[in-house]
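Open the model in your viewer and keep the sequence panel visible. This tour goes from one selection to the next and says what is found at each stop.

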Amino acid sequence: LPTGLTLLDEAIWGLHRSELTVLAGRPGEGKTAAALQISLHLADLHKRVLFLSLEMTREQITERMLIQLTQCDAWNLRRGGGLAELKAKLAPLDGFFKDLPLRLIDGTGYTAEQVRHLLQQMVEQGGGVPDVLVVDFVQLASIEQGQSPPQAIQEYLRVLKEVAMRYKIAVLAL
């Protein structure tokens with residue numbers, strides 16, 4: 001599944017079904033922006049994408065996507081400026097998200113088991129599983145009692161790998 005990021009695709013040959021890919025970096029280095037760009041690219045290719053954010057609300061994620069799509073100045077918008085420019089650039093996007101196979105779920109504290117349960121519910125409700133699951137940001141996952149943070153992350157990633165293999169989906173964890 002091509003990410004749409006040429007250098008990344010050349011390095012890893014895109015995302016692959018039944019595989020877990022970890023995108024790591026320091027805070028503020030663009031992990032979420034890259035994951036959103038990848039998600040939008042795949043959805044535009046008619047791949048079903050489930051974006052699970054443990055860090056931001058759906059509204060914040062949507063705002064970030066709109067900034068990417070319009071190339072507006074996010075800092076200026078946050079301060080209340082540039083609204084006319086944003087409205088002008090949004091007009092051609094009317095209906096863009098309507099048929100886009102991209103589902104955003106927000107919520108803090110999702111455990112690995114809850115992610116597994118979420119996918120199982122999707123199957124049982126007849127919606128099938130996505131082609132790609134993006135989990136932003138595994139450090140914010142709930143920690144089971146008695147686990148250290150490194151143990152919790154290791155366990156979370158192990159379960160995400162199992163999910164990738166069981167459902168034959170690509171999983172991108174940030």
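Start by selecting Met56, Gln60, Glu63, Arg64, Leu66, Ile67, Ala74, Leu77, Arg78 and Leu86, which line the largest pocket. The model is a predicted one. The space in this pocket comes to about 260 Å³. Now colour helix H3 (58-70) and helix H4 (74-78): each of them gives at least two residues to the lining. Helix H3 has the largest share, with five residues. Sorted by class, the lining holds six nonpolar residues, three charged and one polar.

Next, select Pro27, Gly28, Glu29, Gly30, Lys31, Thr32, Ala33, Glu55, Arg64 and Phe137. These residues line the second largest pocket, which has a volume of about 150 Å³. Which helix gives the most to this lining? It is helix H2 (residues 31-44), with three residues. By class, four residues of the lining are charged, three are polar and three are nonpolar. Keep Arg64 selected for a moment: Arg64 is in the lining of the largest pocket and also in that of the second largest.

Leave the pockets and turn to charged pairs. Side chains of opposite charge can pair when their charged atoms come close. The model has four salt bridges.

Select aspartate 131 and arginine 17, and show their side chains. They form a salt bridge, with 2.7 Å from N to O. Aspartate 131 sits in the loop between helix H6 (112-124) and strand S4 (132-136), and arginine 17 in the loop between helix H1 (6-12) and strand S1 (20-22). The two are 114 residues apart, so the pair links distant parts of the chain. Is aspartate 131 buried or exposed? Its relative accessible area is 14%, so aspartate 131 counts as buried. Arginine 17, at 39%, is partly exposed.

Now select glutamate 162 and arginine 116, whose side chains meet in a salt bridge of 3.2 Å, N to O. Glutamate 162 is in helix H7 (residues 149-167) and arginine 116 is in helix H6, so this pair ties together parts 46 residues apart in sequence. Glutamate 162 is partly exposed at 31% relative accessibility, and arginine 116 is partly exposed at 22%.

Stay on glutamate 162 and add arginine 158. Their side chains also meet in a salt bridge, at 2.1 Å from N to O. Both residues lie in helix H7, four residues apart, or about one turn of the helix. Finally, add Glu155 to the selection: salt bridges with shared partners join Arg116, Glu155, Arg158 and Glu162 into one network.

Terms used. Residues are numbered from 1 along each chain as its sequence is written. This is a predicted model: local features need pLDDT of at least 70, side-chain atom pairs count only at pLDDT 80 or more; totals for chains, interfaces and linings use all residues. Side-chain values use heavy atoms; hydrogens and water are left out. Buried means under 20% relative accessible area, exposed over 50%, partly exposed in between (1.4 Å probe, protein chains only). On a 1 Å grid over the protein atoms alone, a cavity is a set of points where a 1.4 Å probe fits but cannot get out, and a pocket is an open set with protein on both sides within 12 Å along at least five of seven lines; lining residues have an atom within 4 Å of a point. Grid points are joined across faces, edges and corners, and a volume is the space filled by probe spheres set on the points. Ala, Val, Leu, Ile, Met, Phe, Trp, Tyr, Cys and Pro count as nonpolar, Asp, Glu, Lys and Arg as charged, and the others, Gly among them, as polar.
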